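Work through the exercises below with the model open. Each task is followed by its solution in steps.

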Amino acid sequence: MAKSLRSKWKRKMRAEKRKKNAPKELARLKQALSLDKKGEAVMTDMQEIATVVPADKIKKQTDMDMGEVEDDGKMDMDSKRSKKTQLNENGQYPVWMSQRQAKKLKSKRTTKKGGQGKKKKGISW
């Protein structure tokens, strides 16, 4: 689908634009990463490219967050889900499970519950 003439032309033009803008981008990147005499980056040039936040402010925020929240390092897992059937307390399958997988698990669950399953109708001799 991406082989039409229009898409080929667009790709070609984007490639030319990248070639044209590459020297400017490289210069801006070098200028942003260059260090002045103090060992700090030039903040006025960096503000054009990215949001600049002082390190002290970030450290204070992390200290405040660490003091408020005491986490034991475990992830929030859905522990109310059956490991065998993958159903939660409401009888719902996880969101990542496809309909085909859910149907397969349901069929396994119902055949085990019912025993042999439904008997086939046919001629009995």
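**Exercise 1. State how much surface the chain exposes, and what share carbon and sulfur atoms supply.**

Step 1. The model is predicted. In it, the chain exposes about 12,900 Å².
Step 2. Carbon and sulfur atoms supply 56% of that area.
Step 3. Now take the residues: of the 125 in the chain, 6% are buried.

**Exercise 2. Describe the secondary structure of the chain and its contacts by separation.**

Step 1. Count the elements: there are four helices and zero strands.
Step 2. Read them from the N terminus: the order is α-α-α-α.
Step 3. Take the contacts with a separation of 6 or more. Residues 24 or more positions apart account for 5% of them.

**Exercise 3. Decide whether Ala-102 is buried or exposed, and find what it touches.**

Step 1. Locate the residue: Ala-102 sits in helix H4, residues 99–114.
Step 2. Apply the cut-off: buried means under 20% relative accessible area. Ala-102 has 11% relative accessibility, so it counts as buried.
Step 3. Leave out residues up to four places away in sequence. Ala-102 then touches Tyr-93 and Met-97.
Step 4. Check a C-alpha distance: Ala-102 and Thr-85 are 17 residues apart along the chain, and their C-alpha atoms are separated by 9.3 Å.

**Exercise 4. Place Lys-3 and classify its exposure, then name the patch that it helps form.**

Step 1. Lys-3 lies in the segment before helix H1 (5–33).
Step 2. Exposed means over 50% relative accessible area. Lys-3 reaches 66%, so it counts as exposed.
Step 3. Lys-3 belongs to a positive surface patch, together with Arg-6, Lys-8, Lys-10, Arg-11, Arg-14 and Arg-18.

Conventions
Residues are numbered from 1 along each chain as its sequence is written. This is a predicted model: local features need pLDDT of at least 70, side-chain atom pairs count only at pLDDT 80 or more; totals for chains, interfaces and linings use all residues. Side-chain values use heavy atoms; hydrogens and water are left out. Patches are made of residues with over 30% relative accessible area and no salt bridge: like charges are joined within 9 Å, nonpolar side chains (Val, Leu, Ile, Met, Phe, Trp, Tyr) within 5 Å. Accessible areas come from the Shrake-Rupley method with a 1.4 Å probe; for residues, only the protein chains shown count as cover. A salt bridge is a side-chain nitrogen of Lys or Arg within 4 Å of a carboxyl oxygen of Asp or Glu. Lys and Arg count as positive and Asp and Glu as negative; His and the chain ends are not counted. The place of a charge is taken as NZ of Lys, CZ of Arg, CG of Asp or CD of Glu. Helices (H or I, at least four residues) and strands (E, at least two) are DSSP runs, numbered from the N terminus. Buried means under 20% relative accessible area, exposed over 50%, partly exposed in between (1.4 Å probe, protein chains only). Contact means heavy atoms within 4.5 Å.
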